[in-house]
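Subject: Structure handover

Hello,

Here is the structure for you to look over. Please open it alongside this email.

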Amino acid sequence: MQGIVDRYNEQSTGAQIRMSAPAYGGDYLTKLVTSSIAGNPPAIMALHNNEVPPLRRFLHELDLASFGFAEDDFVEGTQDLAVVEGRRLGVTMSTGPQAMVYNKRLFAEAGLDPERPPADAAEFVAAGKALKESGVWGFIREPATWMPWLTMNWQNGGTLVAEDGTAVFDSDASLEAIDMERRWVHEDEIAPSQLLDGVQMGQQFQDEQVGMIFIGPWGLADMVKANEEDGKEFGVAPLPVFFDAAPAVAATSHVYCIPKQRSNDAWVSAEAAKFIEWVVREGSVTWAGSQAPSFNGVDAAIAASDDPVVTAMTTFVQEQPRARFVPYVPRWNQAFTYLTSATQSIVYRNEDLSLMSEAAGQATAAIKGAAR
């Protein structure tokens, strides 16, 4: 993004953009809220879709037509992510759907077709077993933020929170999804029972101790670098269809919003809009080095790029129609902690599925308590 900003500043006849990238997390939102209350927020905010609603009172309503865009210029559904209570509060620059990365060399050694990665649950387990029999793990799961359960629950027709704020982690669809993950570890034995964080998971994959992992597009560059510099044979494929009730793959998003300024608001917002339009049209191909652009106008350029990371990003771009996103609900971080704890206990320690009901109850209390 810094490179994109530098390019914009070189050609801009108006404002110069200065990028700030504070550490992400609670402090990030706190800084945005504090500066907005003070009337001196940044000219542009980059937000995830579920961060737009809590900041809505500080944001300008936007019209795609004023940027020279139409809904059809973007992947279907991506621009809905910035609509809150019927008002469009941002432009979705990109999304971050997950995809599967697999080791083609390990596939071949296990007797699997390296050009035909698994596409459904049965093929996934069969590939995992073949890999395990060859001496490596079939799969390692992300234990928290990007746990496979999110994708599987949505694919099975499940959801996370009902309209009345009740957490529904214990629906039939949800329980079937987490039980499938549990079986991978304790019955199919294709995944380890040790809890590993995302860094450890990636390292084991890089060390060729495991055949398949799920990653977001921001992890793609490391995989391509390993292919080029270390002679690895990592391939990228869509996530399998574990359940066929609904198309789904867990994803994040990047929405550009224009906050209201206490002074000089008209000029700041106009210059901010110029940058957003430019970066979507002119910066999306560069941005494809780490995320999946939502702007259809760059699909051909991405496919024709001589950057192997950008061309490999095509898989993630094509996953966007299946993308599903965590919704906004009060105290979601706390609710998600209960969910994560339950899924980890079930998957790694083979504990009872009733923990999902306990987590749903705790999460519901947190969500509804915040609304009082």
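Below is what was found in it, from the whole chain down to three single residues.

Please keep in mind that this is a predicted model.

**The chain as a whole**

The protein chain has 15 helices and 11 strands. Its radius of gyration is 21 Å, close to the 21 Å that the globule rule gives for 372 residues, so the chain is as compact as a globular protein of that length. The C-alpha trace spans about 65 × 55 × 35 Å along its principal axes.

Of the 372 residues, 52% count as buried. The chain exposes about 16,400 Å². Carbon and sulfur atoms supply 48% of that area. Take the contacts between residues at least 6 apart in sequence: 74% of them join residues at least 24 apart.

**The largest pocket**

The largest pocket holds about 1,200 Å³ of space. Its lining has 36 residues. Nearest its centre lie Met19, Ser20, Tyr28, Ile44 and Ala46. Four elements give two or more residues to this lining: helix 2 (26-37), strand 1 (45-47), strand 9 (249-257) and helix 9 (265-282). Which of them gives the most? Helix 9 does, with five residues. By class, the lining has 24 nonpolar, eight polar and four charged residues.

**The second largest pocket**

This one holds about 750 Å³ of space. It is lined by 31 residues, and the closest to its centre are Tyr24, Asn50, Glu51, Trp332 and Asn333. The elements that give two or more residues here are helix 2, helix 5 (148-155), strand 9 and helix 14 (332-349). The class split is 18 nonpolar, 10 polar and three charged.

Helix 2 and strand 9 are worth a look in the viewer. Each gives two or more residues to the lining of the largest pocket, and each does so for the second largest pocket too.

**Cavities**

How many cavities of 30 Å³ or more does the structure hold? There are two.

The largest cavity has a volume of about 50 Å³. Phe139, Ile140, Arg141, Val185, Ala191, Pro192, Gln194, Leu196 and Tyr348 line it. Seven of these lining residues are nonpolar, one is polar and one is charged.

The second largest cavity has a volume of about 30 Å³. Its lining is Gln98, Phe139, Ile140, Arg141, Glu142, Trp146, Pro148, Met201 and Phe214. By class, that is six nonpolar, one polar and two charged residues.

Look at Phe139, Ile140 and Arg141. These residues line the largest cavity, and they also line the second largest cavity.

**Three residues to click on**

*Val347.* This residue is found in helix 14. Is Val347 buried or exposed? Its relative accessible area is 0%, so Val347 is buried. Leaving aside neighbours within four places in sequence, Val347 is in contact with Arg141, Ile178, Glu181, Arg182, Val185 and His186. Two of those partners, Arg141 and Val185, also appear in the lining of the largest cavity. The C-alpha atoms of Val347 and Val224 are separated by 30 Å. Along the chain, Val347 and Val224 are 123 residues apart.

*Val236.* This residue lies in strand 8 (residues 234-237). Its relative accessibility is 26%, so Val236 counts as partly exposed. Which residues does Val236 touch, leaving aside neighbours within four places in sequence? The contacts are Ala99, Met100, Val101, Tyr102, Leu220, Thr315 and Phe316. Thr315 is 79 residues away along the chain, yet the C-alpha atoms of Val236 and Thr315 are separated by 7.0 Å.

*Asn9.* This residue lies in helix 1 (residues 2-11). Asn9 has 15% relative accessibility. The cut-off for buried is under 20%, so Asn9 counts as buried. Leaving aside neighbours within four places in sequence, Asn9 is in contact with Ala15, Gln16 and Ile17.

**Where to start**

Begin with the largest pocket and the residues nearest its centre: Met19, Ser20, Tyr28, Ile44 and Ala46. Then turn to the second largest pocket, with Tyr24, Asn50, Glu51, Trp332 and Asn333 closest to its centre. Finish with the two cavities.

Best wishes

Conventions:
Residues numbered from 1 in each chain as written. Predicted model: local features only at pLDDT ≥ 70, side-chain atom pairs only at ≥ 80, totals over all residues. Heavy atoms only, no water. Buried < 20%, exposed > 50% of the residue type's maximum accessible area, 1.4 Å probe, protein only. Contact = heavy atoms within 4.5 Å. 1 Å grid on protein atoms, 1.4 Å probe; cavity = no way out; pocket = protein on both sides within 12 Å on 5 of 7 lines; lining within 4 Å. Points joined across faces, edges and corners; volume = space filled by probe spheres on them. Nonpolar A, V, L, I, M, F, W, Y, C, P; charged D, E, K, R; others polar. Rg over C-alpha atoms; globule rule 2.2 N^0.38 Å. Areas by Shrake-Rupley, 256 points an atom, 1.4 Å probe, with all protein chains shown as cover.
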